[in-house]
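Q: Could you take a close look at one helix pairing for me, and at the core around it? I'd like the details in one go.

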Amino acid sequence: MCRITAAGKEAAAARFLQEFPQAPQSGRDHPALRGCDDIAWADFPECPAGVAALIRGLLDPAAASEARRVLCNVLMDGVFRMGPAMPAALPFLLRLAADPAVPVRTELIEVLLVVAELSHPVDGGSEQAIRFLGSDRDHPERARCRDVFAEHAALVRGLLDDRTLPDGLVTPDERASLLKAATP
């Protein structure tokens with residue numbers, strides 16, 4: 001299985017900060033990011049310290065696209081595996097996705113749809129599912145993400161009802177998946 005190493009994540013964050021040195025200053029006062037700098041991101045296994053700068057970079061029009069790409073790589077441990085820092089980042093991603101002024105809002109919503117799908121419990125009776133996705137016991141970030149979605153259920157429903165989003169952005173199946181993730 002393709003796995004992103006801690007060194008790879010650290011290098012990607014460092015390259016981003018070198019290419020976009022102004023990005024960490026973006027959105028310092030944005031209400032969606034309140035508390036982002038208080039999280040000890042590097043305390044999460046295989047998570048670089050620069051996550052807060054990447055999240056703030058989502059508000060910098062010049063850096064937003066690359067910030068989103070690097071942030072996704074940093075918060076994921078592989079193609080179908082969220083990293084342990086995802087539940088901590090999720091409230092910020094939800095609040096930013098709710099803001100129509102965020103340059104990569106549509107892309108953030110797409111990220112949230114993937115996180116919602118990956119948050120669902122894995123059928124413990126399915127050897128194939130466990131082999132492919134791992135057991136829930138080995139991936140507590142799934143339940144933690146569901147808790148975050150449930151805590152922000154009003155925001156999730158608001159996103160799904162937002163008429164300013166492009167038509168077809170959220171399919172009926174994705175809508176159901178996101179609502180399921182947000183239901184305690």
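A: Here is a walk through the pairing of H4 with H8, then the core.

First, this is a predicted model, where local features need pLDDT of at least 70, side-chain atom pairs count only at pLDDT 80 or more, and totals for chains, interfaces and linings use all residues. Residues are numbered from 1 along each chain as its sequence is written, and side-chain values use heavy atoms, leaving out hydrogens and water.

Helices here are DSSP runs (H or I, at least four residues), numbered from the N terminus. H4 covers residues 86-97 and H8 covers 153-160; they pack at about 35°, axes 10 Å apart. Those axes are lines fitted to C-alpha atoms over the stretch in contact, with angles running from 0 to 180 degrees between N-to-C directions. The crossing is left-handed, meaning the near helix is turned anticlockwise from the far one by less than a right angle. H4 brings Leu94, Arg95 and Ala97, while H8 brings Leu155, Val156 and Leu159; contact means heavy atoms within 4.5 Å.

Now the core. The largest nonpolar core has 57 residues, and Trp41, Ile55, Leu96 and Phe149 touch the most other members. Such a core is a set of buried Ala, Val, Leu, Ile, Met, Phe, Trp, Tyr and Cys residues joined through side-chain atoms within 4.5 Å, buried being under 20% relative accessible area (1.4 Å probe, protein chains only). H4 gives the largest share, nine residues. Phe149 touches residues including Leu90, Leu94 and Val156, not counting residues up to four places away in sequence.

Key:
Helices (H or I, at least four residues) and strands (E, at least two) are DSSP runs, numbered from the N terminus. Buried means under 20% relative accessible area, exposed over 50%, partly exposed in between (1.4 Å probe, protein chains only).
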